[in-house]
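Visitor: I am new to this structure and should be grateful for a guided introduction. May I put my questions to you one by one?

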Amino acid sequence: MSTFLSPTSRPIAICSDHAGYPLKCAVIEFLESQGLKCHDFGTHSPDSCDYPDFAHPCGKGLDDGEFDFAIAICGTGNGIAMTLNKHQGVRAALCWLPEIASLSRAHNDANCLVLPGRFITPEVAMECVKTFFSTPFEGGRHARRVAKIPLFRQD
């Protein structure tokens, strides 16, 4: 394992819907306590909202190279992950255990950690965050597979 992201890293993109809002606030507080910067795409309250409204701008930021990594949170994590994975440059991985976060980085070169806000404790979530950001991509046989993930339109 490598070390946790350095404070000189690019900001981490982060987004959630209303169900993920409380955990998102805790994750931002944790990351900032580690000297990391976050770019919060919203939501900015626990009021009911639609996760695609926040996931698409976050995914575009990853696609455009503005961010290297993102964290996204909704109730189950499924809807926001599905939305983010529509973006060619996003490899969003739904993680609810640190071991899954580790494998999502090591084997899949995931660049977006997705957490299920209603089904994970803040303590486990922070362990997932730490593990995700301290696990390098292994490359090798996994690089060949990851290279086959994006679809490219031929006009």
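**Two loops, a sheet and a cluster of rings**

Visitor: Asp109 lies in the loop between α4 (98-106) and β5 (112-116); what is the value of its phi?
Guide: The model is a predicted one. Asp109 is a residue other than glycine, yet its phi is positive. The angle is near 50°.

Visitor: Is the peptide bond from Gly42 to Thr43 cis or trans?
Guide: Thr43 has its place in the loop between β2 (38-40) and α2. Omega of the bond that leads to Thr43 from Gly42 is near 5°. The bond is therefore classed by its computed omega as cis.

Visitor: Which pattern of helices and strands does the protein chain follow along the sequence?
Guide: The secondary structure of the protein chain comes to six helices and five strands. When these are read along the sequence, the pattern is β-α-β-α-β-α-β-α-β-α-α.

Visitor: What radius of gyration does the protein chain have?
Guide: The C-alpha atoms fill a box of roughly 40 × 40 × 30 Å along the principal axes. For 155 residues, a compact globule would have a radius of gyration near 15 Å. The value for the protein chain agrees with this, at 14 Å.

Visitor: Among contacts with a separation of 6 or more, what share comes from residues 24 or more positions apart?
Guide: Of the 155 residues in the protein chain, 47% are buried. For the contacts with a separation of 6 or more, the share from residues 24 or more positions apart is 72%.

Visitor: Which strands form the edges of the sheet?
Guide: The five strands form an open sheet with parallel pairing, in the order β2-β1-β3-β5-β4. An edge strand here pairs on one side only, and this holds for β2 and β4 (92-94).

Visitor: Which residue of β5 is the bridge partner of Ile73?
Guide: β3 and β5 pair in the parallel sense, and five bridges join them. One partnership with β5 is that of Ala70 with Cys112. For Ile73, the partner in β5 is Leu115.

Visitor: What angle does the direction of α5 make with that of β5?
Guide: In the pairing of β3 with β5, which is parallel, there are five bridges. α2 packs on the sheet, where it touches β1 (12-16), β3 and β5, and its direction makes about 165° with that of β1. α5 also packs on the sheet, with contacts to β1, β3 and β5. The angle between the directions of α5 and β5 is about 165°.

Visitor: Which residue of β3 does Ile14 stand opposite?
Guide: β1 and β3 pair in the parallel sense over four bridges. Within β3, the residue opposite Ile14 is Ile71.

Visitor: Which residues of β3 share a side with Ala70?
Guide: β3 is mostly covered, with five of its five residues buried. Both of its faces are covered, and Ile71 and Ile73 lie on one of them. On the other side, Ala70 is joined by Ala72 and Cys74.

Visitor: Are the rings of Phe69 and Phe132 stacked or edge-to-face?
Guide: The structure has four aromatic pairs. In the pair of Phe69 and Phe132, the ring centres are 6.2 Å apart and the planes stand at 85°. Planes over 60 degrees apart meet the cut-off for this class, so the pair is edge-to-face.

Visitor: How many residues apart are Phe69 and Phe132?
Guide: The rings of Phe69 and Phe132, with planes at 85°, form the edge-to-face pair. Phe69 is in the loop between α2 (52-63) and β3 (70-74), while Phe132 is in helix α5 (residues 122-134). The pair thus links distant parts of the chain, and the separation is 63 residues.

Visitor: Is Phe132 buried or exposed?
Guide: A residue counts as buried under 20% relative accessible area. Phe69, at 18%, falls in this class. Phe132 has a relative accessible area of 1%, so Phe132 is buried.

Visitor: Which residues make up the aromatic cluster?
Guide: Phe132, with its 1% relative accessible area, is buried. Phe132 also forms an edge-to-face pair with Phe133, at 5.2 Å centre to centre and 90° between the planes. Phe133 is buried at 5% relative accessibility. The one cluster is formed by Phe69, Phe132 and Phe133.

Visitor: Which residue has its charged end over the ring of Phe132?
Guide: The charged end in question is 5.8 Å from the centre of the ring. The residue is Arg105.

Terms used: Residues are numbered from 1 along each chain as its sequence is written. This is a predicted model: local features need pLDDT of at least 70, side-chain atom pairs count only at pLDDT 80 or more; totals for chains, interfaces and linings use all residues. Side-chain values use heavy atoms; hydrogens and water are left out. Rings of Phe, Tyr and Trp (its six-membered ring) pair if their centres lie within 6.5 Å; planes under 30 degrees apart count as stacked, over 60 as edge-to-face and the rest as tilted. Buried means under 20% relative accessible area, exposed over 50%, partly exposed in between (1.4 Å probe, protein chains only). A charge sits over a ring if NZ of Lys or CZ of Arg is within 6 Å of the ring centre and within 35 degrees of the ring normal. Two strands pair if DSSP finds at least two bridges between them. Contact means heavy atoms within 4.5 Å. Axes are lines fitted to C-alpha atoms, for helices over the stretch in contact, and angles run from 0 to 180 degrees between N-to-C directions. The radius of gyration is taken over C-alpha atoms; the globule rule is 2.2 Å times the number of residues to the power 0.38.
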